[in-house]
Amino acid sequence: AKEIVELQKRVMDEAPPRGQNPLQDDDPNAKKLKTREGVVFTASRKFDELAISWRTKEGLKANTWKHLTDIQRAAIPHALAGRDVLGAAMTGSGKTLAFL
């Protein structure tokens, strides 16, 4: 229960503004935004940096999923904030995993 409360707070504190694409102005060499807990999840490039439960992180790790694709990086921050998401990307880009 404590983990859920902490994750909910982090999601609300770090959620991107409505309608913003977290990839716009994306610079892979830019310094990542940091918080007390680590990397701000909207700047995440790896699943283990997201504001998701440790069990979900372990499941992803067990299936060797480490790095987010662009569609996942753009969609997951909004989905975690409880928003509707509309995204388009090529087959095999990770859309289905982004929406689970």
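Two residues are in contact when heavy atoms of theirs lie within 4.5 Å of each other. The structure described here is a predicted model, and this report considers one loop residue, the nonpolar core, helix α3 and the salt bridges of helix α1.

**Ser-93 and its surroundings**

Ser-93 lies in the loop that joins α3 (70-80) to α4 (95-99). Apart from neighbours within four places in sequence, Ser-93 is in contact with Thr-69 and Ile-71. The side chain of Ser-93 also reaches the backbone oxygen of Met-90, at 2.7 Å. Ser-93 has a relative accessibility of 17% and therefore counts as buried, since the term applies under 20%.

**Helix α3 and the nonpolar core**

Ile-71, a contact of Ser-93, is one of the buried residues of α3. This helix is mostly covered, with eight of its eleven residues buried. Among them are Gln-72, Arg-73 and His-78, as well as Ala-74, Ala-75 and Ile-76. Just after α3, Gly-82 adopts a positive phi of about 80°.

Ile-76 also belongs to the largest nonpolar core, which has seven residues. The other members are Phe-47, Leu-50, Ile-52, Leu-60, Leu-68 and Ala-98. In soluble globular proteins, nonpolar side chains tend to be buried together. Within this core, Leu-68 is in contact with Phe-47, Leu-50 and Ile-76, leaving aside neighbours within four places in sequence. On the same terms, the contacts of Leu-68 also include Ser-44, Arg-45, Lys-46 and Arg-73. Arg-73 is itself buried in α3.

**Salt bridges in helix α1**

A search of the whole structure finds four salt bridges. The table lists pairs from helix α1, with the separation of N and O atoms.

| Acidic residue | Basic residue | N to O separation |
|---|---|---|
| Glu-6 | Lys-2 | 3.9 Å |
| Asp-13 | Lys-9 | 2.5 Å |
| Glu-14 | Arg-10 | 3.1 Å |

Glu-6 and Lys-2 both lie in helix α1 (residues 2-14), four residues apart, or about one turn of the helix. Asp-13 and Lys-9 are likewise four residues apart in α1 and are therefore separated by about one helical turn. Glu-14 and Arg-10 have a spacing of four residues in α1, again about one turn.

How exposed or buried are the residues of these pairs? Glu-6 is partly exposed because its relative accessibility is 46%, while Lys-2, with a relative accessible area of 63%, is exposed. Asp-13, at 53% relative accessibility, counts as exposed. Glu-14 and Arg-10, by contrast, are both buried.

Methods: Residues are numbered from 1 along each chain as its sequence is written. This is a predicted model: local features need pLDDT of at least 70, side-chain atom pairs count only at pLDDT 80 or more; totals for chains, interfaces and linings use all residues. Side-chain values use heavy atoms; hydrogens and water are left out. Helices (H or I, at least four residues) and strands (E, at least two) are DSSP runs, numbered from the N terminus. Buried means under 20% relative accessible area, exposed over 50%, partly exposed in between (1.4 Å probe, protein chains only). A polar contact is a pair of N or O atoms within 3.5 Å; within protein, one must be able to donate a hydrogen and the other to accept it, and residues adjacent in sequence count only if both atoms are side-chain atoms. A nonpolar core is a set of buried Ala, Val, Leu, Ile, Met, Phe, Trp, Tyr and Cys residues joined through side-chain atoms within 4.5 Å. A salt bridge is a side-chain nitrogen of Lys or Arg within 4 Å of a carboxyl oxygen of Asp or Glu.
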